[in-house]
Amino acid sequence: MKTKEFYDQYLITSMVAGFEPVEVASASGCAMRGADGREYLDCFSGIAVTNAGHGHPKVLAAAAKQMQELVHCCTYVYYSPRAGELAKLLAEATPGKLQKSFFSCSGAEAIEGAMRLAKQFTKRKEIVCLTQSFHGRTAATLSVTGNRARKKGSGPYLSGVAFAPAPYCYRCPFKLAHPGCGAACAQYLDDVLRYQTAGDVAAFLAEGLMGEGGILPPPPEYFKITTEIIHKDGGLFIDDEVQSGFGRTGRLFAIEHYGVEPDIMCMAKGIADGWPLSAFIARADVAGAFTPGDHLSTFGGSPVSCAAAIANLGVMRDERLPENAAARGEQIMGRLGKFQQKNRLVGDVRGKGLMIGVELVKDKKTKEPAADEAKRVRALCREKGVLVGLGGTLANVIRIQPPLVITAAQADRAADVVEKAVSEVAG
Ligand SMILES: Cc1ncc(COP(=O)(O)O)c(C=O)c1O
């Protein structure tokens, strides 16, 4: 395989746990085609990116038109029409008073900018985030990432960061069960603020639905409680929707399931169906805390990416993709939930919409993580023509995150293949 040889010789790949042995030649909708002609049902979307499906014709057309007109001018030196239009659309599409956007290129860049803005608005310096979280691979975003496997080899990290326990119900840090727990993980934010910080907390940063940590949907009251606690303390709530945004969970943004309004929201991945773009959006008063010279990104708000993002939002609305995500998610989780009862490896099936995690354990009583088994399940799924992801801080969670255009028949096929692969590995 020529591409593999080029990778081996000329790309830095030493940091990757393992490549999927697929050379991707083309993709459309939910289908990815290998250079060998093999077609796969894509259930990972390039890590939750191609939400409107690979190469959606309306997104392609908008990007192609924009390429003919203007590729780059620097959106922060000259007025760029698509950036203005997209910012207006995002203000309309996001909850509450979120109004002013800053465009950048990666999820990590959006999180960095959001934390900086929160610090400047509150004139405070500390951040509280969550164990099991993932917010990116830059120094600051690794500092607020609660997973040592991602952080190893690069410390020391930023000071002024404290971690609250993740809402990981299957492995509750308090060994309690919802709803009897009274959402102890959410209430514990108060203790973290009191005993782990200097009372100088600018923001509580959390994913709307934790992705890399193993697909961990918080209990229904979680964000109401945590937002109240952080606001009472004088800090802001930064909602990281990088992975959970743009229809993935059955609503445009995961936080909409929880009925709270973030002060700042971060977006990337699914924002432009594959074009590189990220953003954070803030209340107007919060956004006003930046002063001239404070922040910029040369490629941020690329006209082509913004044109793609505008078309992508139109597709989400016209094709009712969040609704399809909700329906197909129920279909897949309904099936896998029944399968869980009869299979010894499946410890938990959880998620919202098409952000689904299947946690594999060697023993349902001890919950010993089955990481090798999960790896084998992913390989078997691939052999059977379905691409799924792998994740979780214990590396034992099968992630099903297909493009949101997946049909009922394709969703059944995905569930069939996952069930068969898990059954084969369970023996
Ligand atoms: C919730 C969340 N935040 C931030 C990031 C970082 O995004 P990027 O890889 O685009 O920097 C990720 C990436 O997986 C993510 O899942």
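Two strands count as paired if DSSP finds at least two bridges between them. Keep that in mind for the sheets. One caution as well: this is a predicted model.

Start with β1 and β2. Strand β2 covers residues 31-34, and β1 pairs with β2 in the antiparallel sense over 4 bridges. One position to look at is S26, which stands opposite R33 in β2.

Now the sheet they belong to. This open sheet has 4 strands, in the order β1-β2-β3-β13, and the pairing is mixed. Which strands stand at the edges? They are β1, residues 24-28, and β13, residues 386-387. Each has a single partner strand, so one side of each is left without a neighbour in the sheet. As a reminder, strands of a sheet pair through backbone hydrogen bonds, either parallel or antiparallel.

Next sheet. Again 4 strands form an open sheet, here in the order β11-β12-β15-β14. The pairing in this one is antiparallel. Its edge strands are β11, at 346-352, and β14, at 389-391, and each pairs on one side only. On average, neighbouring strands of this sheet are turned by 25° against each other, direction ignored.

A helix packs on this sheet: α13, residues 371-383. Helix α13 touches β12 (355-360), β14 and β15. The direction of α13 makes about 170° with that of β14.

Stay with β14 for a moment. Strand β14 runs antiparallel to β15, residues 397-400, and 3 bridges join the two. For G389, the bridge partner in β15 is R399.

On to the ligand. Which residues are around it? Going along the chain: S106, G107, A108, then F134, H135, G136, then E207, E212, D240, V242, Q243 and K269. By class, that shell has 3 nonpolar, 5 polar and 4 charged residues.

Some polar distances, for those of you setting up restraints or scoring. A backbone N or O atom of G107 is 2.8 Å from a ligand oxygen atom. K269 puts a polar side-chain atom 3.1 Å from an oxygen atom of the ligand. For F134, a polar backbone atom is 3.5 Å from a nitrogen atom of the ligand. How much of the ligand does the protein bury? Taken alone, the ligand exposes 390 Å², and the protein buries 83% of that.

K269 comes back for its backbone. K269 is not a glycine, yet its phi is positive, about 30°. This residue sits in the loop between β9 (264-267) and β10 (278-283).

Last topic: peptide bonds. Most residues other than glycine have a negative phi, and most peptide bonds are trans. Where are the cis examples here? One joins G155 and P156, with omega about -5°. P156 lies in the loop between α7 (148-151) and β6 (161-164). Another runs from H178 to P179, with omega near 5°. P179 is in the loop between β6 and α8, the helix at 184-196.

That is the tour. Over to you.

Key. Residues numbered from 1 in each chain as written. Predicted model: local features only at pLDDT ≥ 70, side-chain atom pairs only at ≥ 80, totals over all residues. Heavy atoms only, no water. Axes fitted to C-alpha atoms, helices over the stretch in contact; angles between N-to-C directions. Contact = heavy atoms within 4.5 Å. Near = heavy atom within 4 Å. Polar contact = N/O pair within 3.5 Å; in protein donor to acceptor, adjacent residues only side chain to side chain. Areas by Shrake-Rupley, 256 points an atom, 1.4 Å probe, with all protein chains shown as cover. Nonpolar A, V, L, I, M, F, W, Y, C, P; charged D, E, K, R; others polar.
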